[in-house]
Amino acid sequence: MYGLQAIAVHNGWAMALAGALIVFSGLVILSFAISQLHKALNIFEKKHVDVGQEPKISDVEPPEDKPWISLPKQFPTDIKEVARLYKPLVEEIGETFYLSQLYEMSKKNNFPHPHITLTAFRESNILISDGDGVFSWNPPTENDDNENVEG
Amino acid sequence: MDLLFQFLSNTGYYLADYRNVIMIAVGSLFLYLGSAKSYEPLLLIPIGFGILVGNVPFFKGFGLGIYESNSVLHYLYFGVVTGLYPSIVFLGLGAMTDFSSLLARPVLMLLGAAAQMGIFFTLLGALALGFLPKEAGSIAIIGGADGPTSIFLTAKLAPHLIGPIAIAAYSYMALIPVIQPPIMRLLTSRKERLIRMPELREVSKKERVIFPAVGVLLCCFLAPASIPLLGTFFFGNFLKECGVAERLAQTARTAIIDTATIFLGLTVGASTQGDVFLTGKSVLIFFLGAVAFSIATASGVIFAKIMNLFLKEKINPLLGAAGVSAVPGSAREVHLVGQSEDPENYLLMHAMACNSSGVIGSAICAGILWSFLVGL
């Protein structure tokens with residue numbers, strides 16, 4: 001059996017329609033759930049903030065909108081080189097800072113793709129989380145490439 | 001002299017027929033594309049070599065071939081026909097996948113759903129061409145552009161088609177740079193291709209840890225038949241994100257997935273013995289696979305354009321093409337097509353969001369088709 005008749009006999013139209021609807025509704029529900037996830041987490045975390053234990057955040061105001069760092073024309077790809085370019089920004093903010101502060105400053109100074117860079121810093125442990133959204137700077141050393149795993 | 005003649009009559013040179021020669025040529029082509037052209041080498045090299053191994057002619061009854069019980073290849077093939085290897089591959093994929101971009105822009109998940117329409121259109125096409133419902137479902141899943149998912153569903157519904165369907169699925173995944181860009185360009189204007197996507201927000205670790213647990217519950221409650229794929233996929237992702245089981249995550253995304261991929265590729269390749277593989281059905285499957293993959297790409301792009309009618313902040317419709325689950329090939333292709341118009345346009349992270357939702361979507365589709373068709 002071939003053609004539209006075969007589709008109808010094997011219940012093809014219903015399977016295709018129901019299948020498409022199920023996969024769509026499943027991903028719509030999942031999409032909605034994860035879109036609310038960070039909001040739910042924010043509400044939950046606000047309830048648990050102990051004001052007396054807030055970490056000390058530098059009160060240094062980031063410099064005004066004008067960029068003050070001159071970037072090389074060819075932005076480096078090596079994470080250590082990029083970290084060296086970010087160092088003046090970190091020195092301006094202080095020892096501990098919110099990620100958003102560093103993000104804003106890098107944007108003001110026209111650093112390309114700050115979000116991706118900050119994610120890479122976190123994965124390379126150049127940005128260390130001190131908890132509650134506060135981070136500190138752990139500059140890479142020349143020996144980082146030569147570290148051996150022990151034990 | 002008789003002994004020598006008997007030996008010669010049992011050699012592959014004597015037993016070979018034209019079908020073995022054709023398949024050996026196909027296997028050699030896969031090896032060439034994988035090793036010399038670097039087209040999906042991790043897939044094409046094991047499959048290509050498997051095709052060579054599977055098409056060495058042999059004397060039936062010695063327990064040598066993949067379809068003969070007690071042969072070594074037959075035991076290795078067990079992981080394919082039971083759906084074991086795809087499930088293990090999904091564990092490794094989960095341990096590799098970073099859902100940050102998807103969590104930052106959940107609306108892109110809809111493109112992963114839209115690209116699955118290729119599966120359902122192909123289901124209708126395969127039925128219309130005379131395939132039985134279980135065969136049609138197995139062929140349709142090629143539209144998900146996910147090799148392990150295709151093999152998994154085919155193993156459950158139409159095990160006799162594993163060879164052609166797996167080869168078709170992996171071939172089209174390797175041919176993404178050839179198939180997808182013309183469709184993307186055909187369906188979008190230059191102005192649309194130039195649309196830049198905003199920087200993604202920072203995603204907290206808590207979100208990344210909670211997501212696999214929420215994902216597995218929501219998806220598997222909806223389509224329980226997708227548990228073998230999505231269960232391991234989200235488990236692998238949880239290992240990666242929880243931060244305290246890095247050793248397990250590392251093993252899952254390296255040694256475990258590599259081992260499964262080697263045996264999966266080799267045995268799927270070896271299952272393409274000329275006399276079993278070279279049939280009219282295989283040709284039709286390849287044709288339908290191309291249709292499925294093209295419709296999937298087009299559905300994603302068209303759906304992105306439809307979304308733009310309602311969204312204030314427009315999305316680049318090229319991203320729709322990454323809704324198929326060929327990770328990361330289709331995301332890379334979207335990025336390259338975007339950059340060919342505007343070298344400063346970085347679509348990769350957004351495309352990865354669509355890509356990872358495509359993996360989830362195609363696994364759900366496999367579960368849906370399995371539950372629809374298993375009783376027929």
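**Close-ups of chain B**

**View 1. What comes right after helix α5 of chain B.** Helix α5(B) is followed by B:Gly83, a residue with a positive phi, near 80 degrees. Keep in mind here, and in every view below, that this is a predicted model.

**View 2. The two sides of helix α5 of chain B.** This helix covers residues 72–81, and its buried residues are B:Leu73, B:Tyr77 and B:Val80. Looking down the axis of α5(B), you'd find those buried residues within an arc of 30 degrees, so they line one face of the helix. Turn to the face pointing away from that buried side and you meet the exposed residues B:Val72 and B:Tyr75. And what do the buried residues of α5(B) pack against? Their partners are four stretches of chain B: α6 (84–96), α11 (147–157), α12 (162–174) and α17 (246–270).

**View 3. Helix α10 of chain B alongside α11.** Here α10(B), residues 133–140, meets α11(B): their axes come within 8 Å and cross at roughly 175 degrees. Angles over 145 degrees count as roughly antiparallel, which makes that the label for α10(B) and α11(B). On the α10(B) side, the contact is made by B:Lys134, B:Gly137 and B:Ser138, while α11(B) brings B:Leu153, B:Thr154 and B:Leu157. Sort the residues of this contact by class and you get two nonpolar, three polar and one charged. Remember α11(B) from the previous view, too: the buried residues of α5(B) pack against it.

**View 4. Where chain B touches chain A.** How many residues does each chain put into this contact? Chain B gives 41 residues and chain A gives 31. Over on chain B, the helices α8 (109–114), α9 (117–128), α15 (205–222) and α21 (348–373) each supply at least two residues of the side touching chain A. By class, that side of chain B has 30 nonpolar residues, seven polar ones and four charged ones.

**View 5. Stepping back to chain B as a whole.** If you go hunting for strands in chain B, you'll come up empty: the secondary structure is 21 helices and zero strands. The radius of gyration of chain B is 21 Å, close to the 21 Å that the globule rule gives for 376 residues, so the chain is as compact as a globular protein of that length. Along its principal axes, the C-alpha trace of chain B spans about 85 × 45 × 45 Å. Of its 376 residues, 57% count as buried. Now take the contacts in chain B between residues at least 6 apart in sequence: 75% of them join residues at least 24 apart.

Technical notes: Residues are numbered from 1 along each chain as its sequence is written. Chains are lettered from A and ligands numbered from 1 in the order in which they are written. This is a predicted model: local features need pLDDT of at least 70, side-chain atom pairs count only at pLDDT 80 or more; totals for chains, interfaces and linings use all residues. A residue is buried if 20 or more other C-beta atoms lie within 10 Å of its own, exposed if 12 or fewer, and partly exposed in between; C-beta atoms are placed from the backbone. The arc is that of the directions from the helix axis to the C-beta atoms. Two residues are in contact if their C-beta atoms, placed from the backbone, lie within 7 Å. Ala, Val, Leu, Ile, Met, Phe, Trp, Tyr, Cys and Pro count as nonpolar, Asp, Glu, Lys and Arg as charged, and the others, Gly among them, as polar. Axes are lines fitted to C-alpha atoms, for helices over the stretch in contact, and angles run from 0 to 180 degrees between N-to-C directions. Angles under 35 degrees count as roughly parallel, over 145 as roughly antiparallel, 65 to 115 as roughly perpendicular and the rest as oblique. The radius of gyration is taken over C-alpha atoms; the globule rule is 2.2 Å times the number of residues to the power 0.38.
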